[in-house]
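Subject: Structure for you to look at

Hi,

Here is the structure I promised to send over. Have a look at it first, and then read on for my notes.

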Amino acid sequence: MTDRPTAAKRPVLRRVTLIVLAAFTAWHIFATFLWIAPASGLRQLLPGDLLRSYMVPLFGQSWSVFAPEPINGDYRLRVRAVVVQDGEEKTSAWIDATKAELAMSTHHLFPPRAAILATELASRYKGSYDDLGNGHHRIAALSYYKGADWSDRLRGDLIKQGKDPDLDAYLDVERKTTAYATQVAYAVWPGEVVRVQYEVSRQNVIPFERRNDPDAKRPKPKIVKTGWRGPIEEPGQSRSAFTETFRKGLRESGQ
């Protein structure tokens, strides 16, 4: 008799489980459709950055991997820093963050989610940067790192240069890339980080029509180098977790 209540609960538990799974599946299909479909008013149904936060980096995809315009280039993000060691400021060598992360996904069946962060940031940064004018480019190349208000001064100078509908997108990815570079600096070099600098590049592959040409060479990369930035650490970032993951990729990439 004591087994009957437990047995009676099992169908209810199964129904609840099936409902939850069905709801999640429906949400995932809907979110994927919005992500890969051309931009439309439907995306406004989801608040804030919910769609991007869900899709990137685990489920990120786009039509650009397909014809007629497949992905035809590689993005790179390199980082260096000035750190205080033994009471003296020292400038580090450049570290290829993209190479370190790709090493974590090459020949690994279950790569960490961090394995495409640098590539994603480099792609977003280069796209947002290219959407701005030459005046904004000149300001982005300047060094802003002294004083607690350095970020506000950078924003103010960019706005003074001229209002641009794409400026907010650039400022957002600029801050995220600086925060990422700060974590790389603390993960790689001992000491207190004084400032960081990063460069983003895109290099096209050999054109498809020249794929069989033995003399064909890849075009030179197009490099965007920013000035020095002050270190940024966002709420929720973990130095220890980032360091553990990134150093593993660094070792596997041979840097």
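A question to begin with: does histidine 137 count as buried or exposed, and why? Keep in mind while you look that this is a predicted model. Histidine 137 counts as buried because its relative accessibility is 16%, and the cut-off for buried is under 20%. You'll find histidine 137 in helix α5, which covers residues 134-140. Leaving aside residues up to four places away in sequence, histidine 137 touches Tyr129, Asp130 and Leu132.

Now the chain as a whole. There are eight helices and five strands in it, and going along the sequence they come in the order α-α-β-β-β-α-α-α-α-α-β-β-α. Of the 255 residues, 33% are buried. The accessible surface is about 16000 Å², and carbon and sulfur atoms account for 57% of that. If you take the contacts between residues at least 6 apart in sequence, 67% of them join residues at least 24 apart.

Next, a pair of helices. For two packed helices, the description rests on the angle between their axes and the distance between the axes. Here the pair is α4 (residues 117-130) and α7 (residues 167-188), with axes that come within 9 Å and cross at roughly 145°. That crossing of α4 and α7 is left-handed. On the α4 side, the contact is made by Leu117, Ala118, Leu121, Arg124, Tyr125, Ser128 and Tyr129. On the α7 side, Ala169, Tyr170, Asp172, Val173, Glu174, Lys176, Thr177 and Tyr180 take part. Sorted by class, that contact has nine nonpolar, two polar and four charged residues. Tyr129 of α4 may ring a bell: Tyr129 is also among the residues that histidine 137 touches.

Last, the strands. Strand β1 (residues 73-85) and strand β4 (residues 192-204) run antiparallel and are joined by twelve bridges. β4 also pairs with strand β5 (residues 222-225), again antiparallel, through four bridges. A handy place to see both pairings is arginine 202 in β4: tyrosine 75 stands opposite arginine 202, and arginine 202 in turn stands opposite lysine 222 in β5.

If you want somewhere to start in the viewer, try arginine 202 with lysine 222 opposite, then go over to histidine 137 in α5.

Cheers

Key:
Residues numbered from 1 in each chain as written. Predicted model: local features only at pLDDT ≥ 70, side-chain atom pairs only at ≥ 80, totals over all residues. Heavy atoms only, no water. Helix = DSSP H or I, 4+ residues; strand = E, 2+ residues; numbered from the N terminus. Buried < 20%, exposed > 50% of the residue type's maximum accessible area, 1.4 Å probe, protein only. Contact = heavy atoms within 4.5 Å. Areas by Shrake-Rupley, 256 points an atom, 1.4 Å probe, with all protein chains shown as cover. Axes fitted to C-alpha atoms, helices over the stretch in contact; angles between N-to-C directions. Left-handed = near helix turned anticlockwise from the far one by under 90°. Nonpolar A, V, L, I, M, F, W, Y, C, P; charged D, E, K, R; others polar. Pairing = 2+ DSSP bridges.
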